[in-house]
Amino acid sequence: MNAFTESVVEEAALEWFQGLGFQTRAGPEIACGELGAERHDPDYRDVILEGRLREALARLNPCLPPEALDDAYRKLTRIDSPSLITRNRDLHSMLVDGVNVEYPRPDGSIAGAQAWLVDFDNPENNDWLAVNQFTVAEGQHTRRPDVVIFLNGLPIAVIELKSSTDENATISNAFNQLQTYKAQIPSLFTYNELLVISDGLEARVGSLSANLERFMPWRTVEGEELAPASMPQLQVLVQGVFQERRLLDFLRYFIVFEDMGKGDPVKKIAAYHQFHAVKKAVQTTIKATRPNGDRRAGVVWHTQGSGKSLTMVFYAGRLVLEPEMRNPTIVVITDRNDLDDQLFGTFSRCSELLRQPPQQAEDREHLKLLLNVSSAGIVFTTIQKFMPMEAEDHLSERHNIVVIADEAHRSQYDFIDGFAKHMRDALPNASFIGFTGTPIEKADANTRSVFGDYISVYDIQRAVEDKATVPIYYEGRLANLELDQNERPRIDPQFEEVTEGEEVERREKLKSKWAALEAVVGAEKRLKLIAKDLVSHFEARLEVMDGKAMIVCMSRRICVELYNAIVKLRPEWHGADDAEGSLKIVMTGSAADPLDWQPHIREKSRREKLAVRFKNANDPFRMVIVRDMWLTGFDVPSLHTMYLDKYMRDHGLMQAIARVNRVFKDKPGGRVDYLGIAQELKQALATYTESGGHGQAAVPVEEAVEALLDRYEACCVLFDGFDWSHWTMGTPAQRLSLLPAAQEHILRQENGKERLFKAVKDLSSAFALAVPHPKAMNIRDDIAFFQAVRAVLAKGAGQQQRSELDLDHAIRQIVSSAVAPKGVIDIFEAAGLQKPDISILSDEFLADVSGLPQKNLAVEMLRKLLSNEIRTRLKRNVIQSRRFSEMLEASIRKYQNRAVETAKVIEELIAVAKQMREDAARGVQLGLTDDEVAFYDALEVNDSAVKVMGDETLRTIARELVKTVRQNTTIDWNVRENVRAHIKVLVKRILRKYGYPPDKQEKATQTVLEQAEVLSESWAVA
């Protein structure tokens, strides 16, 4: 039977690259010393294919003399920056913009020029190569990535693959392996543009600095149409990203280094929806700006949290380089100052891609000055600055001005007689494009008259499927507040919300419906009840899920009074200094505001420092109170709960609740409503669906509770007939004694352990979503018990190294507090045994295990111990580990098939354990080292034809084999046929020399080589 291994996935990937026109070579074939050698360092420290790079430099720069090309090569190979990511940024700049070179003219003066590394206009003029098993050595480490993609001799992509049929070979393992490579062989990644991980089923692409959740699927091959589900994800990714024309566009326009102000920059790449949306938007913009164009470039609707701001950056960066646009001016407009600042900040951090620093208009006069240019420029402004102070001429009549509107909605921009009309009047020949995270209402003809129809749609359903966002759950807690009917807010259907940018005079407020509602919402009794409920709710959430919360209030007065009510309950959450405390208010204000508001009123720079704190998942600043700030364009991935106590509707509501949909480890999103605006949410969703969107904006928490109870029932079925009441009612000793019996109960069932692992994992995720719903809290202790049993079965010898997803998650287990302060008890401790060292297994310990009343648990313990030891020995002695593995598998197979009694299986496993213990001492008895014992075993010493040679001769052969093989193994020897052949000859020579049976020589030689492959790794380290 052919095993579906990692190499099968690798071969499939190479076939797909060949189909795209890439050459493919095997790493050992191009190694130094081989017939087809392309590398010059026998120690594998070179990562550039020098011949291909020099040929490309000469081909792409025919007018440059050899000295200039040598200068370019020298600069490429001597990039000197303190960190990998900054070296990578320098290289990317050279790849896209060329290398600055100098060379002497005939008259002795120095000439400067640009040496191009890539022909972006003619894909066929470049050299494309995929190499599998490409060995790289650096420092003390030698690593061999699965596939490396070379463009003109530069290693621009690394692909790490795992087998789809190996349950332990996951996509997260592939990601972890790339992180190891980055740390141990960083020279390979200096030139890297893309990283790809796949387990044969899933496939994702990410940047050099991306964490696992930022590795995204690529779901299209051509255009925006999704590839069929039957097509392997890796094939879609390879053909969708690495097709030569698309890859060149990607490298040139869709990679950005975002400079965060301190530390290393963050490298970001476009996701598939951003890539195709921008390409389409550029084409519609070109069409709109032509003399016969209608000035409407269209609308890009990409749901909140899916990278809309970055899509705008990629669009602007692509547009400024479009020849037909003749060096355009781009005007980015928002409707609020804080949004203008946020978006301006994003563009400023990406100025390299934009080829110019963006500028922010301070007022209308400054805006007029910035637009009074013949070409170029990226200008940020709020739409209010287009309001003319008096009759005046147009700000600019140029045709190559493109206005980007963030969140293009009628209610925000008022296209009939408001600010948008003045903007149109001021820039009569400009073209307009809208970017929005929420749909434009179907009946909104005015918005369409300015922008046109949708260019690209990426809705909630697609974003959740791609794991670009997480689903949001809705929980109404109005009923939890003990308020009389007259104390509850009544929302007038005609009520218009008041936002930060539209505040009216206090005297008018007092007369308005808003004032009446604000008075009820902000009543002292109600705020005290909300504070109490909110604190208990959030603390319950924190018990099961790491993260942060945002409270949205109706007015600044309510913000301050709710803060005081919360701090009264939790004084330790207060911090007088901005750098301290778990709870803060973020709002604007002035000296005219009440005295008790002043500690919470901060100027822009202080608010920015608070933003940095809140975005840091590890900062103790866990809860923020806002009125309007941070509700749009503000990304905090660890934010998982929003408490809404403010009337909102339509796109404003959709934008606000999307604050909690950012991906963060394995968090689910959540939103709590204290005002009773479920109807507004339904209306917003109706608008969303009517506009063509798919997926739910917010799922009722009752659905999460229902799913929790279903998963709880599945766990209860596994423990049917088992009494775990002592878990909640018993003493600590009684609780601990439950664990061995519970394990026995699970292990007695067919596939019990595997079924439990999956059931408890699903239950834990559902619990994190539903907490602190009363139905969830009622079963909390039972869930802790299920988690404890799962954890104790998973822990200990034989457990595979956990993936980063397991080690670094947002969902917290509740067993640590339920079992013991130090965490989960392991399998041996729970059974009252000291965890043993397999190499010194005592007869007393084996007798204790044999005497356990829980026989299935005894089998599980021994299986774990022996599996772990066999895995350890496999790194030293192939024959020995194979023999013991077969013995263990045979015993476990009988156990699983119930072919023999459990007690008999225990006897067999104890016999294996004793034999392992005895084998560990064989080296001393034979007078051989561990390496020599391994080769001694490879000689089939138990075969009758071999035994006649005598032990002394066999020991001599073993010693000579170790010495000879060790002297002749070099890096990658096992995949280089010429070196393998040479060692094979040497081994056979030694065997013949001592009269080893001729008919046994071939098999012994193969076994010796197999053993050498295992040992050579430790020899390399030594």
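The exercises below concern a predicted model, and each is followed by a worked solution.

**Exercise 1.** Decide whether V626 is buried or exposed, and list what surrounds V626.

*Solution.*
Step 1. Locate the residue: V626 belongs to strand β23, which covers residues 623-626.
Step 2. Take the relative accessible area of V626, which is 0%. Buried means under 20%, so V626 is buried.
Step 3. List the contacts, leaving aside neighbours within four places in sequence: M550, I551, V552, C553, C559, V586 and L631.
Step 4. Check a separation: S555 and V626 are 71 residues apart in sequence, while their C-alpha atoms are 8.8 Å apart in space.

**Exercise 2.** Describe the open sheet that contains β1 and β10, and find the helix α7 that packs on it.

*Solution.*
Step 1. Write down the strand order: the six strands run β1-β4-β7-β8-β9-β10, and their pairing is mixed.
Step 2. Find the edges: β1 (23-26) and β10 (203-206) each pair on one side only.
Step 3. Note the twist, which averages 20° from one strand to the next.
Step 4. Look at one pairing: β1 and β4 (residues 128-132) run parallel and are joined by four bridges. Within this pairing, R25 stands opposite V131 in β4.
Step 5. Add the helix: α7 (residues 244-253) touches β4, β7 (147-151), β8 (154-161) and β9 (194-198). The direction of α7 makes about 90° with that of β4.

**Exercise 3.** Classify the aromatic pairs F614–F621 and F719–F786.

*Solution.*
Step 1. Place the task in context: the structure holds 30 aromatic pairs.
Step 2. For F614 and F621, the centres are 4.8 Å apart and the planes are at 55°, and the pair is tilted. Both residues are buried.
Step 3. For F719 and F786, the ring centres are 5.3 Å apart and the planes are at 20°. Planes under 30 degrees apart count as stacked, so the F719–F786 pair is stacked.
Step 4. Place the second pair in the chain: F719 is in the loop between α24 (701-718) and α25 (726-729), and F786 is in helix α29 (residues 780-794). The two are 67 residues apart, and the pair links distant parts of the chain.
Step 5. Check accessibility: F719 has a relative accessible area of 1% and is buried. F786, at 0%, is buried too.

**Exercise 4.** Which residues have the most contacts inside the largest nonpolar core, and what does F242 touch?

*Solution.*
Step 1. The largest nonpolar core has 124 residues, and I149, F242, Y315 and F347 have the most contacts inside it.
Step 2. Beyond its neighbours within four places in sequence, F242 is in contact with residues including F17, I149, L194 and L247.
Step 3. A second, separate core has 37 residues, among them Y712 and I779.

Notes
Residues are numbered from 1 along each chain as its sequence is written. This is a predicted model: local features need pLDDT of at least 70, side-chain atom pairs count only at pLDDT 80 or more; totals for chains, interfaces and linings use all residues. Side-chain values use heavy atoms; hydrogens and water are left out. A nonpolar core is a set of buried Ala, Val, Leu, Ile, Met, Phe, Trp, Tyr and Cys residues joined through side-chain atoms within 4.5 Å. Buried means under 20% relative accessible area, exposed over 50%, partly exposed in between (1.4 Å probe, protein chains only). Contact means heavy atoms within 4.5 Å. Two strands pair if DSSP finds at least two bridges between them. Axes are lines fitted to C-alpha atoms, for helices over the stretch in contact, and angles run from 0 to 180 degrees between N-to-C directions. Rings of Phe, Tyr and Trp (its six-membered ring) pair if their centres lie within 6.5 Å; planes under 30 degrees apart count as stacked, over 60 as edge-to-face and the rest as tilted.
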